[in-house]
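Got the viewer open? Here is a short tour of what to select and what you'll find there.

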Amino acid sequence: MSENGGQAILVETSGLTKRYGSKITAVDDLDLTVNRGEVYGFLGPNGAGKTTTLRMLLGLIKPSSGKARVLGERPGTPASLSKVGALVESPAFYPYLSGWDNLKVVARYSGADKSRIGEVLEQVELSGRAKDKYKKYSLGMKQRLGVAAALLKDPELLILDEPTNGLDPQGMADMRTLIRDLGRGERTVLLSSHLLGEVEQICDRVGVIQKGRLVAEGTVAELRGQSGLYVRAEPVEEAARIAERLAGVEDVQQKDGMLRLTIDPEKAAEINGKLVEAGLRVSELRPAEQTLEEVFLQLTGEQQEPQQQKSEQTEKEEA
Amino acid sequence: MGSSFTAETLKLRKRPATWILALIWVVIIAFSYFSTYAFIANTPPAGPPPAGPDGEEVPAEVQEQMQAEQEAFNEALLESLYPENLVSNMMTGGVTNIGSALLLILGALVLGSEFGWGTFKTSLTQRPGRLGVLFGKLLAFVVALVLFVLLGFATAALCGFVIAQLEGAAVDWPSLTTLAKGLGAGTLIFAVWGAFGFALAALFRGTALAIGLGIAWVLAVENLIAGLAGPNSDNETLETIRKTLPGENSFSLAQSFGSPLPDDFTGGFQPLVEAGQAVWVLAAYTAGFVLISALLFWRRDVV
């Protein structure tokens with residue numbers, strides 16, 4: 001297993017690509033690293049290539065080109081699968097078996113100890129319905145059984161693809177708490193989602209995928225970018241001149257009658273004082289921090305523009 | 001593969017479809033025995049045949065001969081149900097007809113349903129790997145088909161025994177060698193059709209088309225070729241093709257155990273292919289179908 005700054009890399013892909021025919025590229029030259037012990041959020045809009053990537057990491061889909069290593073092994077081999085727990089898209093179990101028997105089947109496949117069945121059912125709070133047939137389960141219960149199956153091996157790496165799909169708000173909150181708990185300590189979680197709030201709350205590091213390509217990677221704070229302050233003061237030109245001279249201000253931008261200062265938001269009171277002292281009227285002062293949603297829309301929107309321009313150009317040429 | 005095998009046996013054992021097919025198998029064997037017995041028991045003695053077109057009566061000696069023939073046929077039919085004819089009865093009746101179709105359905109269900117439920121993404125992300133899962137499944141299926149053969153023979157033996165008791169006839173059993181050969185041949189015939197179901201399910205990634213086409217092959221295609229290459233045809237190519245078909249070889253292997261009825265009533269029917277050749281052809285088909293299933297399962301993406 002290779003290392004990244006002293007941390008073992010559990011998942012590593014290099015130039016990973018999946019093409020369907022000559023027209024569709026689901027995953028395009030993807031370089032991804034997931035370190036031991038982190039909760040990695042794999043973020044992207046629907047159809048961005050998240051599930052295809054995860055399926056390749058589990059050996060369900062063969063890549064067209066590129067390499068992938070999971071726990072230092074080739075994806076889909078018994079050596080790699082023995083330490084990986086996974087829930088890919090919607091959970092899939094045998095409808096005629098009970099929840100308990102379904103986990104028994106999974107335990108037999110994986111060689112997990114039968115005593116783990118009770119433990120994981122308890123963990124996902126499904127013990128009371130364990131003897132019911134799977135086909136009678138609600139969507140939320142099916143999802144929880146999927147997580148229980150993924151935990152059965154007590155895996156080093158947990159791959160969860162949209163685990164909160166179909167859950168009600170309470171179920172989503174419970175699932176987030178569960179994933180956060182699971183990610184504590186040595187276990188690594190690779191969580192795919194298009195729900196930004198979910199990723200923002202749970203993940204240590206995030207990778208954003210768009211049209212099969214990784215367009216950004218970093219901690220949530222890194223992706224949000226530099227923090228600062230929004231200031232509404234009059235006259236705005238005078239306010240900008242004063243702000244540029246203040247200590248700690250790295251950048252001043254003017255937009256829509258407001259200033260955006262790149263500065264530690266803790267210095268808001270100090271800035272306010274200087275502007276008022278200079279005789280300016282300050283009507284608004286608030287922290288300027290991009291939400292992950294804003295970053296996400298920027299990243300995915302920017303990627304769409306060239307494509308849109310290209311198609312518009314093609315349409316013009318055809319006309 | 002061991003872990004996969006135990007998982008597969010649990011699934012097969014708890015699957016209602018397995019038990020429903022087993023029940024159909026038992027009911028059809030018992031029905032064929034007892035419906036034949038009921039037919040014999042309820043056939044009235046042959047009365048005077050109808051008069052000819054010009055009102056001419058059939059001579060008494062012809063009437064007696066016809067009556068004797070009918071009684072002899074009923075007697076032979078009754079004796080065919082006795083335990084001594086267990087193997088030939090099962091091979092020519094149950095195994096090659098309904099049994100093969102049931103095993104084709106079971107084979108298609110065992111593999112094909114998993115595509116429909118999407119459960120391969122669950123099993124294939126556990127430890128065994130693709131071929132481990134597939135061969136565990138195949139091994140569990142082989143156990144199931146052997147149990148199907150044993151169940152069929154046990155049902156037929158019980159039915160034959162009950163009928164012999166009802167008739168007060170002596171209960172003689174086939175020799176152990178004949179029984180062992182019958183069980184082996186039955187297993188081989190079931191294996192080829194089960195593997196055919198497996199391969200079709202792997203090819204079409206589902207059950208509906210696999211079962212539909214499989215049954216169509218058994219009932220229509222092979223019968224059509226057999227009809228075209230029938231005794232009145234001198235088309236040697238069709239005759240050669242016919243000798244290589246799995247259905248024809250299954251039938252020939254079954255026929256090698258003889259007919260439960262004397263030749264007087266069957267016209268001394270001879271199998272098209274010799275038993276030895278049929279065994280090799282069927283074994284080759286089974287291996288071929290397994291190989292096709294494994295290749296498809298190994299190479300294709302699981303989406």
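We'll start with chain B as a whole, then go to a helix pair, the core and the contact with chain A.

**Stop 1: the whole of chain B.** Keep in mind that this is a predicted model, with an ipTM of 0.85 and a pTM of 0.82. Select chain B and colour by pLDDT: the mean is 88, and 92% of its residues reach 70 or more. Now switch to cartoon view. You should count 12 helices and zero strands in chain B, so if you go looking for a strand there, you'll come back with zero. Its C-alpha atoms fill a box of roughly 80 × 50 × 35 Å along the principal axes. Chain B has 303 residues, and 39% of them count as buried. Among its contacts with a separation of 6 or more, 84% link residues 24 or more positions apart.

**Stop 2: a pair of helices.** Next, select residues 130-167 of chain B, which form helix α6, together with residues 275-299 of chain B, which form helix α12. The two axes come within 10 Å and cross at roughly 145°, and the crossing is right-handed. To see who makes the contact, show side chains for B:Arg130, B:Leu131, B:Leu134 and B:Leu138 on α6(B). Over on α12(B), show B:Val290, B:Ser293, B:Ala294, B:Phe297 and B:Trp298. What kinds of residues meet in this contact of α6(B) with α12(B)? Seven are nonpolar, one is polar and one is charged.

**Stop 3: the core.** The largest nonpolar core has 137 residues. The members that touch the most others are A:Ala148, A:Ile159, A:Leu191 and B:Ile189, so try selecting those four together. Then zoom in on B:Ile189. Leaving aside residues up to four places away in sequence, B:Ile189 touches B:Val95, B:Thr96, B:Ser100, B:Ser250, B:Leu253, B:Ala254 and B:Leu282. Apart from the largest core lies another one, of 11 residues, including A:Leu229, A:Val252, A:Leu261 and A:Leu275.

**Stop 4: where the chains meet.** Finally, bring both chains into view. Here 23 residues of chain B are in contact with 26 residues of chain A. Which element supplies the largest share of chain B's side? Select α1(B): it gives seven residues. Helices α1 (2-14) and α5 (120-123) of chain B each supply at least two residues to this side. Colour the chain B side by class, and you'll get seven nonpolar, 10 polar and six charged residues.

Note on methods: Residues numbered from 1 in each chain as written. Chains lettered and ligands numbered in written order. Axes fitted to C-alpha atoms, helices over the stretch in contact; angles between N-to-C directions. Helix = DSSP H or I, 4+ residues; strand = E, 2+ residues; numbered from the N terminus. Left-handed = near helix turned anticlockwise from the far one by under 90°. Contact = placed C-beta atoms within 7 Å. Nonpolar A, V, L, I, M, F, W, Y, C, P; charged D, E, K, R; others polar. pLDDT = per-residue confidence, 0-100. Buried ≥ 20, exposed ≤ 12 C-beta atoms within 10 Å, placed from the backbone. Core = buried A, V, L, I, M, F, W, Y, C linked by C-beta atoms within 7 Å.
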